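Please read this briefing alongside the sequence and the three-dimensional structure. It takes up a nonpolar core, a surface patch and two groups of paired strands in turn.

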Amino acid sequence: MKKVFSILTLLWITLTVQAQILTPVKWTIQLDDANGAPEKAITLTATMDRSWHLYDMNLPEGGPVSTAVEFETLTGAELLGTPVASTEPASVYDELFGMNLRWYGGTVTFTQKIKVTDAATFRIVGEVEFMACNDETCLPPERIEFSFNKQQITLTDVSEETQREETPDAEEPGETEEETASGEVTPTAAPNRKPPTPPVVVPPLELTDRVDLWRPVIGELKAYGDSTLTATDTSWLFIFFAGFLGGLIALLTPCVWPMIPMTVSFFLKRTKDRKKAIRDALTYGASIIVIYLVMGLLITGIFGASALNDLSTNAIFNILFFLLLVLFAISFFGAFELVLPSSWTNKLDSKADSTTGILSIFFMSFTLVLVSFSCTGPIIGTLLVHAATMGASIGPAIGMFGFALALSIPFSFFAIFPNMLQSMPKSGGWLNSVKVVLGFLELALALKFLSVADLAYGWRLLDREVFLVLWIVIFVLLGIYLLGKLKFSHDSDVKYVSVPRLFMAIISFAFALYMVPGLWGAPLKAISAFAPPLYTQDFSLYEDEVHAPFDDYESGMAYAKRVNKPVMIDFSGFGCVNCRKMEASVWTDPKVKQLLEKDYVLITLFVDDKTRLPKTITIEENGKTRKLKTIGDKWSYLQRSKFGANAQPFYVLLDHEGNPLGPSYAFDEDVSKYVKFLQDGLAVYNQKANH
């Protein structure tokens with residue numbers, strides 16, 4: 001039994017490690033030789049998993065790694081032009097790099113035309129370099145090798161002399177090539193020829209003179225309970241709770257709140273059997289959940305998660321959504337009322353009256369959805385956009401489920417305890433106040449979407465300080481309104497300020513004051529997800545950043561041993577957006593900054609560093625021969641082979657011998673968790689040192 005348990009544990013660890021190595025892009029590389037003419041084409045087709053993309057060729061300097069096709073050997077042929085993509089790339093302005101980035105999603109084919117000049121010596125050896133990203137992480141650049149030789153081409157218009165050179169008698173022992181399931185072209189022995197010489201695997205000593213530092217420690221990380229966080233799981237919870245909060249807010253609007261006692265009373269009076277009335281009310285609540293859940297699934301099914309995500313970063317879409325939110329805000333301020341055609345609700349009312357049983361209850365819940373649209377529409381619209389930006393494939397459905405769950409709870413609760421209906425606050429002017437408060441919040445949120453468009457087009461109309469000034473004014477006006485000093489046409493007189501209004505006014509004024517230092521460059525971590533990036537600010541006094549003193553693994557480890565300090569390895573990338581977020585929102589915290597600078601030796605390894613190694617290193621990984629040509633290749637291999645992961649950011653704490661001091665840490669902007677991560681590793685290191 002113990003042996004079986006050990007085998008299962010080992011299998012679980014193996015599967016978990018393999019799950020951390022992401023391969024979201026599959027390549028198919030072929031030589032098109034259909035016509036037999038000297039002009040031929042090499043097609044390189046990339047198929048990406050949902051929500052992943054790779055970058056276009058020839059991006060500007062200072063951005064992420066561009067897709068590139070390089071030819072190491074080109075004999076008996078010449079290139080005709082440059083590779084051409086089969087589709088147009090998506091173009092999105094990236095706030096971090098300050099440039100327009102172009103990328104491809106789904107499937108794209110790059111075609112490189114060639115001309116055969118000498119069939120007898122024809123041979124091509126090359127590789128395609130690419131970098132795969134999604135909205136949560138970027139993988140280090142990868143290279144896929146390919147090669148073609150004279151056995152794979154036919155020419156119908158060559159001279160007799162060339163044809164004689166290509167006869168089997170004149171051929172030297174060689175290779176043919178076949179395509180693997182993963183799209184990589186690998187050599188196989190040609191018929192009736194000697195098999196190819198197996199690749200020479202360079203010993204670890206040619207990779208490093210400290211073999212112990214490169215020893216895999218995946219098992220040790222698992223022993224510490226390592227479980228690399230996935231952004232998807234976090235985003236699902238965030239979307240659900242955001243939807244649930246939106247549903248609670250929707251309950252307090254004039255469109256929904258008055259309907260709670262009316263609807264529950266209807267069900268209780270519909271039959272003398274209270275149990276049946278409660279059962280019908282619970283069915284009514286479940287119907288609300290089903291309707292909103294189906295709406296979320298339909299949105300995902302029609303557009304797809306990747307399409308929704310593309311929309312969320314599209315400049316024109318953000319402008320339209322900005323205008324829509326401003327329109328909703330003006331409506332909430334009382335300028336006009338947004339309602340759906342009355343014929344829709346009347347038709348559903350008649351359906352509810354003419355049918356019986358569960359179908360009747362379902363039509364009644366549908367009527368509630370339509371009647372409450374003018375109040376719930378802005379909340380649902382905002383929720384769906386944020387669900388799309390989170391990258392979760394069923395994000396809209398999860399958000400709608402949370403929203404509907406919160407909306408259905410009071411109907412079911414008061415159906416079970418009808419006497420508590422009498423203690424509910426009556427409808428009145430306070431509901432209008434809720435609408436106005438939502439109007440201010442919608443107006444503030446609208447500026448976020450305008451900011452995305454402003455950055456995309458490079459207008460620089462909504463720089464960080466302008467954005468902050470507008471938010472400060474909005475929340476000051478909200479505080480004044482809550483104190484009753486600002487009134488709209490549909491507001492009732494505020495004879496006195498209630499305690500809840502006073503506390504909300506205090507919060508609004510305090511939030512406005514919190515943003516004031518941001519006008520001089522304070523980071524304002526609480527709104528970093530909404531405000532434009534700091535580089536758009538014309539004047540900034542902020543200079544409190546953390547920089548790693550080492551960008552070489554072995555040099556940093558040698559220094560750490562000399563000064564007797566533990567090490568934190570930061571696997572990062574020039575094109576890693578979430579790495580910059582961690583550096584801006586977590587590393588700048590005083591406790592984190594002190595730990596990194598005083599108690600640890602910080603080593604940052606960029607997995608997309610294009611600097612060439614002095615000598616190409618050949619390694620064997622998972623049964624395949626790979627070549628490490630750049631410094632980024634080397635650090636990427638270190639992360640994969642030693643720690644069993646290839647996503648960034650990735651943080652791991654080590655002692656002088658390369659042994660882990662605790663579990664690894666991925667993207668999570670919770671400062672307290674990060675501080676605990678560092679403190680726990682330091683405690684383990686000190687404990688080892690004392691023994």
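A nonpolar core is here a set of buried Ala, Val, Leu, Ile, Met, Phe, Trp, Tyr and Cys residues joined through side-chain atoms within 4.5 Å. The model is a predicted one, and the largest core of this kind in it has 32 residues. Helix α12 gives the most to this core, with seven residues, and the same helix, which spans residues 395–416, is also the leading contributor to a nonpolar surface patch.

**The largest nonpolar core**

- Within the core, the residues with the most contacts are Tyr284, Ile288, Tyr292, Phe403, Leu407 and Phe411.
- At least two residues of this core come from each of the helices α4 (231–251), α5 (259–270), α6 (274–303), α10 (357–371), α11 (373–389), α12 and α13 (429–457).
- Leaving aside residues up to four places away in sequence, phenylalanine 411 touches Met259, Ile260, Thr263, Val264, Ala281, Tyr284, Ile288 and Leu368.

**The nonpolar surface patch**

- Leu282, Ile409, Phe413, Ile416, Phe417 and Met420 together make a nonpolar surface patch of about 490 Å², to which helix α12 gives three residues.
- Isoleucine 409, which is found in helix α12, has a relative accessible area of 41% and is therefore classed as partly exposed, since that class lies between the 20% limit for buried and the 50% limit for exposed.

**Strand β9 and its two partners**

- Strand β9 (residues 123–130) is mostly covered, with seven of its eight residues buried.
- Strand β4 (residues 68–75) runs antiparallel to β9 and is joined to it by seven bridges; leucine 74 has isoleucine 124 of β9 as its bridge partner.
- Strand β11 (residues 142–149) also runs antiparallel to β9, with eight bridges joining the two, and the bridge partner of glycine 126 in β11 is phenylalanine 146.

**Strand β18 and its pairing with β14**

- Five of the five residues of strand β18 (residues 650–654) are buried, so this strand is largely enclosed by the rest of the structure.
- In a regular strand the side chains alternate between the two faces of the sheet.
- Both faces of β18 are covered, since Phe650, Val652 and Leu654 on one side and Tyr651 and Leu653 on the other are all buried.
- Strand β14 (residues 567–572) runs antiparallel to β18 and is joined to it by five bridges, with valine 567 standing opposite leucine 654 of β18.

Technical notes: Residues numbered from 1 in each chain as written. Predicted model: local features only at pLDDT ≥ 70, side-chain atom pairs only at ≥ 80, totals over all residues. Heavy atoms only, no water. Buried < 20%, exposed > 50% of the residue type's maximum accessible area, 1.4 Å probe, protein only. Helix = DSSP H or I, 4+ residues; strand = E, 2+ residues; numbered from the N terminus. Pairing = 2+ DSSP bridges. Patch = residues over 30% accessible without salt bridge, like charges linked within 9 Å, V, L, I, M, F, W, Y side chains within 5 Å. Areas by Shrake-Rupley, 256 points an atom, 1.4 Å probe, with all protein chains shown as cover. Salt bridge = Lys/Arg side-chain N within 4 Å of Asp/Glu carboxyl O. Contact = heavy atoms within 4.5 Å.
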